[in-house]
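Got your viewer open? Let's take a walk through this one together, picking one thing at a time.

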Amino acid sequence: MDGWLEREGWTKRDGQTGNKAGTGRFGSWAEKRQWGNQREGEQTVAGEVGGKGDGRAGSCPHRPAPVALVCPPGTLGGPWSAWMPQTIMAFEGTCVAIPCRFDYPDELRPSAVHGIWYFNSPYPRNYPPVVYKSRTGIVHESFQGRTRLLGDLQARNCTLQLSRLSPELAGKYFFRGDLGGYNQYTYSEHSNLEIVDKPTIVPPAAVVVGTEAELRCVVPDNCPTMKPVVSWLNHEVLEDQTVFGQLEEESSTWSQVSLLKFQPLRENDRHELGCQVTYPNTTFLFEAFATLDVKYVPRILQVNSSVEITEGSHVVLVCVADSNPMALLAWFKEEAVLREEPSTNLTLELDNVTHAHDGIYTCVAENVYGRVNRSLALTVMYAPRKPSVNTSVVAMEGESVTILCTTESNPEPIITIFREKQIVATVVYESELLLEIPAVTHEDDGEYWCVAENQYGQRGSAFNLTVEFAPIILLESKCTAARDTVQCVCAVLANPEPVISFELPTRNVTVNETDQEFVYSQKTGYTVTSILTLRGELDSQLFVVCSARNLYGTKNQQLQFHHSNNLMWAKVGPVGAVVAFVILIAAVCYVSQTRKKKNVNVNSSFVQLEHPPVAYSGEYRPPGALDKSEYERRPASDKCLLNKPEGSLDLNVDYANIDFTKLATKDSYTLTEELAEYAEIRVK
């Protein structure tokens with residue numbers, strides 16, 4: 001046993017894999033074989049009871065490659081759980097060590113831990129043969145003098161060694177933990193022992209002329225006290241043959257593997273090779289044989305390289321092969337067969353190629369001995385297809401808006417979203433562009449373009465983003481007083497179109513565009529302009545409130561008053577003001593002299609307004625459309641006066657004559673002074 005623990009490993013051998021060479025394989029059985037600590041790939045044997053463990057020492061470790069385990073890496077099968085290989089192999093007459101580790105609930109603190117190994121049954125009531133029993137040492141007669149516990153039960157290690165193996169010992173081995181009293185538990189999973197009488201030769205999938213072949217001879221090496229020696233038989237005739245040896249671990253069991261590599265020839269077909277296993281100082285001899293089946297596969301001599309072409313081109317693909325017997329040649333695109341026939345060369349012609357022809361093309365040559373293939377990539381370059389946008393969007397102000405623009409092209413395009421020739425978003429060499437506006441505003445409303453381009457062309461698609469929002473009263477809204485007329489302009493930006501009304505709180509009067517005698521409206525885009533005209537002497541306490549409402553809210557704003565004289569001084573500037581002042585004095589003197597001569601009394605029966613209430617609008621609301629509760633707050637006769645001197649008569653409009661023929665359409669609202677041709681109002 002001690003000598004086995006100090007065994008050294010194998011490196012390259014010449015024909016024999018049992019001769020020691022190179023550095024040490026491991027330091028000791030407990031350290032390198034790690035039966036006392038769980039190794040990579042150990043099986044988890046979960047008990048009949050329980051949940052999951054706590055992940056402490058004894059849980060399944062991380063493995064670099066998947067192996068057959070009962071528990072996944074890093075987990076426990078439950079409070080009662082064990083780990084051992086599902087299957088372990090050994091030669092007849094040799095020995096085997098079954099690695100084993102177990103666990104039990106933390107709350108159990110036994111003073112001593114005992115264990116029992118059963119054969120072929122986990123249930124004590126079935127009276128299975130006892131393989132090993134730590135408490136009494138009494139075992140079944142078949143196992144007397146053949147079993148030994150290598151592990152330390154106090155350290156939760158239950159590794160068992162069986163010696164002088166015979167065929168009747170092949171079967172299932174179960175471990176039972178005995179912690180005293182009722183704390184006894186037989187773990188439901190087991191390790192299956194297989195007794196073999198020859199090594200395993202693993203041939204390659206195919207032995208092909210011109211391709212290096214590798215044969216593997218696998219020998220179980222799970223006996224701590226016996227070291228196998230592996231050699232090959234009848235391998236001297238092989239071309240460029242070399243032999244390598246290595247130790248492999250799989251599913252917590254160990255194997256000596258001898259690798260025979262060579263270059264097969266056609267003459268090697270049906271040649272028999274053998275693998276022999278011996279044990280020093282014994283008469284044990286185990287052999288296995290395999291017959292080579294050498295394949296003569298076709299060889300492809302010529303095929304097109306990968307090509308890039310533009311859409312509409314003509315392409316010829318050529319495949320030339322050498323084989324014996326003649327191969328069946330075929331052209332594939334992905335999984336579809338385009339053309340095939342027995343031949344030494346095969347061409348495939350593609351006319352007027354489109355992006356649908358883009359893909360991987362494969363030439364396959366096959367005969368009774370094998371199959372080879374060569375592939376090429378046919379890349380079709382084309383301009384972007386018309387971008388697809390997820391339809392035009394209508395959103396309420398403040399909502400989140402997501403717009404997806406997609407296209408197809410080769411190479412991948414540059415996609416850009418424009419608004420009024422300004423770049424909103426762009427991506428480079430991608431087939432889609434996602435535009436996200438977290439909180440849309442009315443300024444985001446408008447027409448957008450999604451444009452995709454590459455070196456082969458450009459395509460674009462338009463879409464609209466419509467934003468609905470509450471009314472916004474623009475800065476242009478104000479009242480202008482001139483002589484005995486007051487004009488109030490209320491410009492409102494809103495979507496949907498708002499209802500605009502003017503409120504005169506001091507007169508308790510509300511009017512809107514339905515009162516066409518006083519209010520005129522026009523709409524340009526989302527801007528609605530309403531103009532209120534008031535006639536009469538200006539009331540110093542008068543103030544006007546513009547009110548606009550739609551589905552999303554109401555906006556009220558008191559309109560500021562501006563006098564036309566003040567505006568004139570602001571426009572002409574300081575120098576112009578002096579000149580205007582001189583002209584004004586001269587005009588006053590001239591009028592004064594004229595009045596004295598003619599002694600004319602001003603008759604109020606005809607009034608020519610400087611700023612007639614004229615506005616262009618294609619949408620007039622009929623009278624009565626205004627809410628009756630707002631419109632009938634005062635009699636109609638009270639609506640036309642700013643300030644009536646006591647004892648004066650009410651003014652009733654006889655007619656209004658307005659000429660629209662010379663008006664020009666404006667981009668937004670237009671002040672009345674700029675639109676009026678003339679207005680004639682007669683009163684009586």
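A residue is called buried when its relative accessible area is under 20%, exposed when it is over 50%, and partly exposed in between. Keep those cut-offs in mind at every stop. Also remember that you're looking at a predicted model.

**Stop 1: the whole chain**

Show everything as a cartoon. The chain has 5 helices and 49 strands. Of its 684 residues, 43% count as buried. Turn on the surface and you'll see about 35700 Å² exposed, with carbon and sulfur atoms supplying 49% of that area. Now think about contacts between residues with a separation of 6 or more: 65% of them join residues 24 or more positions apart.

**Stop 2: Glu-366 and Arg-371**

Select Glu-366 and Arg-371 and show their side chains. They meet in a salt bridge, at 3.4 Å from N to O. Is Glu-366 buried, exposed or something in between? Its relative accessible area is 35%, so Glu-366 is partly exposed. Arg-371 is partly exposed too, at 47%.

Why would two such side chains pair up at all? Side chains of opposite charge can pair when their charged atoms come close.

**Stop 3: Asp-293 and Lys-295**

Next, pick Asp-293 and Lys-295. Here's another salt bridge, with the closest N and O atoms 3.1 Å apart. Asp-293 has a relative accessible area of 35%, which makes it partly exposed. Lys-295, at 23%, also counts as partly exposed.

**Stop 4: Arg-135 and Asp-178**

A search of the whole structure finds 10 salt bridges, and one more is worth a visit. Select Arg-135 and Asp-178: their side chains meet in a salt bridge at 3.1 Å, N to O. Arg-135 sits in the loop between strand 7 (130–133) and strand 8 (147–149), while Asp-178 is in strand 10, so this pair ties together parts that are 43 residues apart in sequence. Check the surface again: Arg-135 is partly exposed at 46%, but Asp-178 is buried, with just 7%.

**Stop 5: Arg-176**

Stay in strand 10 (residues 171–178) and click on Arg-176. This one is buried, yet it has no salt bridge. Which side chain of opposite charge is nearest to Arg-176? That's Asp-178, 6.7 Å away. A salt bridge needs the nitrogen and the carboxyl oxygen to be within 4 Å, so that distance doesn't qualify.

What Arg-176 does have is a polar contact, side chain to side chain, with Thr-186 (2.6 Å). Leaving aside neighbours within four places in sequence, Arg-176 is in contact with several other residues, including His-114, Tyr-118, Pro-124 and Tyr-185.

**Stop 6: two cis prolines**

Zoom in on Pro-411, in the loop between strand 32 (401–406) and strand 33 (414–419). The peptide bond leading from Asn-410 to Pro-411 is cis, with omega near 5°. Then hop to Pro-496, in the loop between strand 39 (485–495) and strand 40 (499–504). The bond from Asn-495 to Pro-496 is cis as well, with omega near 5°.

**Stop 7: two asparagines with positive phi**

Finish in a couple of loops. Asn-234 lies between strand 16 (229–233) and strand 17 (239–250). Its phi is positive, about 65°, although Asn-234 is not a glycine. At 37% relative accessibility, Asn-234 counts as partly exposed.

Last, select Asn-352, between strand 27 (345–350) and strand 28 (359–367). Phi of Asn-352 is near 45°, again a positive value in a residue other than glycine. With a relative accessible area of 52%, Asn-352 is exposed.

Notes. Residues numbered from 1 in each chain as written. Predicted model: local features only at pLDDT ≥ 70, side-chain atom pairs only at ≥ 80, totals over all residues. Heavy atoms only, no water. Helix = DSSP H or I, 4+ residues; strand = E, 2+ residues; numbered from the N terminus. Buried < 20%, exposed > 50% of the residue type's maximum accessible area, 1.4 Å probe, protein only. Lys, Arg positive; Asp, Glu negative; His and termini not counted. Polar contact = N/O pair within 3.5 Å; in protein donor to acceptor, adjacent residues only side chain to side chain. Contact = heavy atoms within 4.5 Å. Areas by Shrake-Rupley, 256 points an atom, 1.4 Å probe, with all protein chains shown as cover.
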